[in-house]
Amino acid sequence: MKYNLSEISDLIRDRRTVTPEYYSDRLVHREQVERILNNAIWAPNHGSTQPWTFKVFLKDGRHQLSDFLCELYQKKTAREDFLETKFNKLKNRPKMAGAVIAVSLKRDPKSTILELEEIEAVACAIQNMYLTCTAWGLGSFWSTPKLIYTPEMNEFLGLGEDDKCLALFYIGYPKEGYEWPKGHRKPIEYFTEWVEE
Ligand SMILES: Cc1cc2nc3c(=O)[nH]c(=O)nc-3n(C[C@H](O)[C@H](O)[C@H](O)COP(=O)(O)O)c2cc1C
């Protein structure tokens, strides 16, 4: 065995979504984010297009994201559909997090690789980020409010029209005494068909 499979399996199973409501105000450092991104980019990607781009909101930069999400939600939401709880999450979560990383698909317009495959590659990068955070004891959360799929979001992030924001990835140290959640999955028999002859 090349690596400790038991430890890697534990890490994969222990990866959990932890939302910013459970983060403490302990700082997440730029060097940690760099380490997380340096693992993200080792995700598999067809044709070696490396189709990801990251925008990191750290320290006061988190307020820019919060302000933008609030404005956009107000702009895009009809009065009768406006939800205070939703608005407050968009406003407060970036500030509760140690860092927020907008993870996007960066499309080369001349790419011969299917967009679907490039989205899959970015999703693999996000899983690498999740696992790195878990190893560190950092909570993390892949968030996809519908606003991230708008042209306004692309403009805010400096993306082109063929690019797509796929995640707001929140990171933070859990509060003192936080009980790391246990996950549940059905056994593989539910999903697997074997063909052996
Ligand atoms: C593509 C994708 C988008 C997601 N978007 C959201 C989201 O917008 N809000 C949310 O609460 N969780 C979101 N999640 C996280 C899932 O809710 C979470 O992974 C699921 O509940 C299983 O929990 P676990 O991650 O702890 O195993 C997303 C997950 C994926 C893969």
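Helices here are DSSP runs of H or I with at least four residues, strands are runs of E with at least two, and both are numbered from the N terminus. With that in hand, select S48, which sits in the loop between helix 2 and strand 1 (52-58).

Before going further, two notes on the model. Residue numbers start from 1 along each chain as its sequence is written. The model is predicted, so local features need pLDDT of at least 70 and side-chain atom pairs count only at pLDDT 80 or more, while totals for chains, interfaces and linings use all residues.

**Stop 1: two loop residues with positive phi**

Stay on S48 and check its backbone: phi is near 50 degrees, a positive value in a residue other than glycine. Is S48 buried or exposed? S48 is exposed, because 9 other C-beta atoms lie within 10 Å. The cut-offs use C-beta atoms placed from the backbone: 20 or more others within 10 Å means buried, 12 or fewer exposed, and anything in between partly exposed.

Now move to K59, in the loop between strand 1 and helix 3. Phi of K59 is also near 50 degrees, and K59 is not a glycine either. K59 has 11 other C-beta atoms within 10 Å and so is exposed.

**Stop 2: R79**

Next, select R79 in the loop between helix 3 (61-76) and helix 4 (84-96). R79 counts as exposed because it has 6 C-beta neighbours inside 10 Å. Add N92 and draw a C-alpha to C-alpha distance: the two are 13 residues apart in sequence and 21 Å apart in space.

**Stop 3: M96**

M96 belongs to helix 4. M96 is partly exposed, with 19 other C-beta atoms within 10 Å. Which residues does M96 touch, not counting those up to four places away in sequence? They are P20, E21, Y23 and G172, where contact means C-beta atoms, placed from the backbone, within 7 Å. For a longer view, pick H29: its C-alpha atom is separated from that of M96 by 15 Å, with their positions 67 residues apart along the chain.

**Stop 4: helix 5 and its partners**

Show helix 2 (residues 30-40) with helix 5 (residues 115-136); their axes come within 8 Å and cross at roughly 135 degrees. Helix 2 is therefore oblique to helix 5. Axes are lines fitted to C-alpha atoms, for helices over the stretch in contact, with angles from 0 to 180 degrees between N-to-C directions. Angles under 35 degrees count as roughly parallel, over 145 as roughly antiparallel, 65 to 115 as roughly perpendicular, and the rest as oblique.

To see the contact, select R35, I36, N39 and A40 of helix 2 and A125, N128, M129, T132 and C133 of helix 5. These divide into 5 nonpolar, 3 polar and 1 charged. Ala, Val, Leu, Ile, Met, Phe, Trp, Tyr, Cys and Pro count as nonpolar, Asp, Glu, Lys and Arg as charged, and the others, Gly among them, as polar.

Then swap in helix 1 (residues 5-14), whose axis comes within 9 Å of that of helix 5 at a crossing of roughly 105 degrees. That angle is why helix 1 is roughly perpendicular to helix 5. Here L11, I12 and D14 of helix 1 meet L131, T134 and A135 of helix 5. By class, this contact has 4 nonpolar, 1 polar and 1 charged residues.

**Last stop: the ligand**

Finish by selecting R16, T17, W142, S143, T144 and G183, which surround the ligand. A residue is near a molecule or strand if its C-beta atom, placed from the backbone, lies within 6 Å of it. Colour this shell by class and you will find 1 nonpolar, 4 polar and 1 charged residues.

Note on methods. Contact = placed C-beta atoms within 7 Å.
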